[in-house]
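Me: I have a structure open and want the labels justified. Take me through the reasoning behind each one.

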Amino acid sequence: MRIQLFFIWILHFMDLARGADNTKILRYRRSSSVARLCPAGCASCSALNGCLSCKPRLFFHLELDGMRQRGTCLSSCPRGHYDKRSPHINTCTRCREDCAFCFSETFCTRCHPGHFLFRGKCGNSCPNGLTANTALRECTECPVGCELCLRRNECVRCQADLYFLHGQCHHNCPSGSEPDVQLMECIPQVQCGVGEWTKWGPCIRKRSLRANRRGEETRTRQLPRSPSLYGDRCPHVSEIRKCVIKKRPSGLS
């Protein structure tokens, strides 16, 4: 901050020096037409260094213009800077090197890649019990049993003895699902698929009942879907019932 204020005073000094050589110094006056030649928001300016001071409630910011820094006046500070107010001048001050966005000199709100946010600070690792989240660049408190998570309630990898399901970790898979011990995930439980019964077949006399008119008839059904390992067993696919063989009408061979 002191270096930035020193640089601002240097700009003023250089500006005044040019004024002694009869070059133009542009300062803001409400009634002066010269103020219209300064960039928007400037209270005073020079052609070489841009804004030297700002109108009330604006923030002085130094930005690179090739190899030179030029002063600008902004209503809010750009990314990577925080606003600092004082009775004499409001300035935009750069965040710390490991901090991409910040609220103040000591409180970061987002870190640069390779660093992780924890309680307003950026570090290259996280405390025990927290996960270094590379997507959010922050230390994330994961759900119970979670080894790696995207956010507090969304796990992506569970501890070795737990099963993963919908961002959560389980000792036992909930109803409607079953464990896959190779993937260590809870997968949907598949029940047996059962088709419709066919019509009863013809009544057929059994060999042991050749002298009798009683026989048996059969019907079947298909199983279009097999159950998973823990799904319910499929029911039987055929039924047999007793029947009476109809007597052929006389005169038919």
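Me: Which residue in β9 stands opposite Ser104?
Reply: Phe107 stands opposite Ser104. Keep in mind that this is a predicted model.

Me: What makes β8 and β9 a pair?
Reply: Pairing needs at least two bridges between the strands. Strand β8 (residues 99-104) and strand β9 (residues 107-111) are joined by 4 bridges. So they count as paired. They run antiparallel. With 2 residues between them, β8 and β9 form a hairpin.

Me: How many salt bridges does a search of the whole structure find?
Reply: The search finds 4 salt bridges.

Me: Why is the contact between Glu147 and Arg157 called a salt bridge?
Reply: The cut-off is a side-chain nitrogen of Lys or Arg within 4 Å of a carboxyl oxygen of Asp or Glu. For Glu147 and Arg157 the N to O value is 2.9 Å, so the pair qualifies.

Me: What does that pair tie together?
Reply: Glu147 lies in strand β14 (residues 146-151) and Arg157 in strand β15 (residues 154-158), so the salt bridge ties together parts 10 residues apart in sequence.

Me: Are Glu147 and Arg157 buried, exposed or partly exposed, and why?
Reply: Buried means under 20% relative accessible area, and exposed means over 50%. Glu147 is at 42%, so it is partly exposed. Arg157 is also at 42%, so it is partly exposed too.

Me: How do you know that Glu217 and Arg241 form a salt bridge?
Reply: Their side chains meet at 2.4 Å, N to O. The limit is 4 Å, so the pair counts. Glu217 lies in strand β20 (residues 214-220) and Arg241 in strand β21 (residues 238-244), so parts 24 residues apart in sequence are tied together.

Me: Which label, buried or partly exposed, fits each of these two residues?
Reply: Glu217 has a relative accessible area of 12%, under 20%, so it is buried. Arg241 has 37%, so it falls in between and is partly exposed.

Me: Which salt bridge joins Arg219 to a residue in β21?
Reply: Arg219 meets Glu239 at 2.8 Å, N to O. Arg219 lies in β20 and Glu239 in β21, so the pair ties together parts 20 residues apart in sequence. At 24% relative accessibility, Glu239 is over the 20% limit for buried, so it counts as partly exposed.

Me: What is the overall picture of the protein?
Reply: The protein has 1 helix and 21 strands. Of its 253 residues, 31% count as buried.

Definitions and conventions:
Residues are numbered from 1 along each chain as its sequence is written. This is a predicted model: local features need pLDDT of at least 70, side-chain atom pairs count only at pLDDT 80 or more; totals for chains, interfaces and linings use all residues. Side-chain values use heavy atoms; hydrogens and water are left out. Buried means under 20% relative accessible area, exposed over 50%, partly exposed in between (1.4 Å probe, protein chains only).
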